[in-house]
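The following exercises concern one protein chain. Each task is followed by a solution in steps.

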Amino acid sequence: MLAGIARATYTGDVLPRAFAPVLFRTATLVGMAAATALAVEYRSMESAFCGLDSGCAAVRRTGVAYLWNSGFSLPELGLLGFALIFALSLPRKIDWAAWVA
């Protein structure tokens, strides 16, 4: 009996197979939320998320925070990136009969 438990622990059979995609999608949603909060802060020019004297605000005042001085901020790029990663992680075809059962 102990050999079966140890083997299951090492092979990864303890957690269900669907746990990894759920964890990955949850992490991308958290990243999207953080990027959205920063993008709103960059557009509003108020310091709600970053302090006035913080490193975040110092970077925001430089040209590094915007792509080639185009007005497109790095948090907006991050938001687009996380949205793309989340969309690509969704299944293409869902067998609804098996999913509901």
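Helices (H or I, at least four residues) and strands (E, at least two) are DSSP runs, numbered from the N terminus. The model is predicted: local features need pLDDT of at least 70, side-chain atom pairs count only at pLDDT 80 or more, and totals for chains, interfaces and linings use all residues. Residues are numbered from 1 along each chain as its sequence is written, and side-chain values use heavy atoms, with hydrogens and water left out.

**Exercise 1. Determine how many helices and strands the protein chain has, and what share of its residues is buried.**

Step 1. The protein chain contains five helices and zero strands. Read from the N terminus, the order of its elements is α-α-α-α-α.

Step 2. Residues are classed by relative accessible area: buried under 20%, exposed over 50%, partly exposed in between (1.4 Å probe, protein chains only). Of the 101 residues in the protein chain, 16% are buried.

Step 3. Accessible areas come from the Shrake-Rupley method with a 1.4 Å probe; for residues, only the protein chains shown count as cover. The protein chain exposes about 7800 Å², and carbon and sulfur atoms supply 71% of this area.

Step 4. Contact means heavy atoms within 4.5 Å. Among contacts between residues at least 6 apart in sequence, 47% join residues at least 24 apart.

**Exercise 2. Compare the expected span of helix α4 with the distance between its end C-alpha atoms, and describe its faces.**

Step 1. The expected span of a helix is 1.5 Å times one less than its number of residues. Helix α4 (residues 74–89) has 16 residues and should therefore span 22 Å; the end C-alpha atoms are 22 Å apart, in agreement.

Step 2. Pro75, Glu76 and Ser89 are the buried residues of α4. They cover an arc of only 150° around the axis (taken from the directions from the helix axis to the C-beta atoms), which means that they are on the same side of α4.

Step 3. The buried residues of α4 pack against α2 (19–44). On the face turned away from the buried side, α4 carries the exposed residues Leu80, Leu84 and Leu88.

Step 4. An α-helix has 3.6 residues a turn, so residues three or four places apart point the same way.

**Exercise 3. Which side chains form the salt bridge, and is each residue buried or exposed?**

Step 1. A salt bridge is a side-chain nitrogen of Lys or Arg within 4 Å of a carboxyl oxygen of Asp or Glu. Searching the whole structure gives one salt bridge.

Step 2. Glu76 and Arg43 are its partners, with an N to O distance of 2.7 Å. Because Glu76 belongs to helix α4 and Arg43 to helix α2, the pair ties together parts that are 33 residues apart in sequence.

Step 3. Glu76 is buried at 14% relative accessible area, whereas Arg43 is exposed at 54%.

**Exercise 4. Locate Ser73, and identify its contacts beyond its neighbours within four places in sequence.**

Step 1. Ser73 is placed in the loop between α3 (55–60) and α4.

Step 2. With a relative accessible area of 1%, Ser73 is buried.

Step 3. Leaving aside neighbours within four places in sequence, Ser73 is in contact with Tyr42, Ala65 and Tyr66.

**Exercise 5. Classify Leu74 and Ala27 by accessibility, and find how far Ala27 lies from Phe86.**

Step 1. Leu74 is located in helix α4 and is partly exposed at 37% relative accessibility.

Step 2. Ala27 belongs to helix α2 and is partly exposed at 45%.

Step 3. Ala27 and Phe86 are 59 residues apart in sequence, and their C-alpha atoms are 9.3 Å apart in space.
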